[in-house]
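Biologist: Before we dig in, could you put the structure up on the screen? I'm going to keep asking you why things get the names they do.

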Amino acid sequence: MTMTYPTVDELKAQAKRLRQAMTERGSEITHAAALELIARQYGARDWNTLSALAAKPNDKPASPIFVGAHIRGRYLNQPFTGKVLALSAVAGSEFYRITIHFDEPVDVVTFESFSAFRQRIHAQIDENGVSPRKTSNGLPHLVLDI
């Protein structure tokens, strides 16, 4: 999966919103620190690396998965639609960490007597959008429709 990045201006706006939110919570950070945190969210080593990646033209996205994307797939074999809240590369592997907020909560229990709903999940996926972790019946925990 090749990451597509927002423009440098959009990344700077994200850093500005992060800094503002942190200040409202009583944890002031510098603009430079906010830029570095944004870079880490995108799996980049630092702000300079991320800004260089974002400055490259995104001719053809190799994948429709990016922060803010509306996606669909199956979680614990239940269909879902949702929004990607975070996506970063796992250092030293071919996997990515992803956080998804489902549009509607997903019942992850198949037993008739009770339910357990999830609306936000954190998972690892490969370049095809498939989780390496599997359920007891061998199905991947998460499969994204790419």
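Biologist: What makes β2 and β3 a pair?

Modeller: Quick warning: this is a predicted model, where local features need pLDDT of at least 70 and side-chain atom pairs count only at pLDDT 80 or more, while totals for chains, interfaces and linings use all residues. Residues are numbered from 1 along each chain as its sequence is written, and side-chain values use heavy atoms, with hydrogens and water left out. Now, your pair: two strands pair if DSSP finds at least two bridges between them. Seven bridges link β2 to strand β3 (residues 96–107), in the antiparallel sense, so by that rule they count as paired. Val 84, for instance, sits opposite Ile 100 in β3.

Biologist: And what makes something a strand or a helix here?

Modeller: Both are DSSP runs: E of at least two residues for a strand, H or I of at least four for a helix, numbered from the N terminus.

Biologist: What lies between β2 and β3 in their hairpin?

Modeller: Six residues, and Gly 92 in that turn has a positive phi of about 75 degrees.

Biologist: In what order do the strands line up in the sheet?

Modeller: The open sheet has five strands, ordered β4-β3-β2-β1-β5, with antiparallel pairing. β4 (117–125) and β5 (142–144) are the edges: each has a single partner strand, so one side of each has no neighbour in the sheet. From one strand to the next, the twist averages 40 degrees; the axes are lines fitted to C-alpha atoms (for helices, over the stretch in contact), and angles between N-to-C directions run from 0 to 180 degrees.

Biologist: How do you know that β3 and β4 are partners?

Modeller: Eight bridges join β3 to β4, and the two run antiparallel. Arg 97, for one, stands opposite Gln 124 in β4. Over at the other edge, β1 (residues 70–75) pairs with β5 over three bridges, with Gly 73 facing Leu 144.

Biologist: Why is Leu 76 called partly exposed?

Modeller: Buried means under 20% relative accessible area and exposed means over 50%, with partly exposed in between (1.4 Å probe, protein chains only). Leu 76 comes out at 23%, so it counts as partly exposed. Asn 77, at 39%, gets that label as well. Leu 76 is in the loop between β1 and β2, and so is Asn 77. Phi is positive in both: near 50 degrees for Leu 76 and near 65 degrees for Asn 77.

Biologist: What makes a hollow a pocket rather than a cavity?

Modeller: On a 1 Å grid over the protein atoms alone, a cavity is a set of points where a 1.4 Å probe fits but cannot get out, whereas a pocket is an open set with protein on both sides within 12 Å along at least five of seven lines; lining residues have an atom within 4 Å of a point. The largest pocket holds about 230 Å³. α1 (8–24) gives the largest share of its lining, four residues.

Biologist: How does that lining divide into nonpolar, polar and charged?

Modeller: Eight nonpolar, two polar and one charged. Ala, Val, Leu, Ile, Met, Phe, Trp, Tyr, Cys and Pro count as nonpolar, Asp, Glu, Lys and Arg as charged, and the others, Gly among them, as polar. The lining includes Leu 18, Gln 41 and Arg 17, so those three count as nonpolar, polar and charged in turn.

Definitions and conventions:
Points joined across faces, edges and corners; volume = space filled by probe spheres on them.
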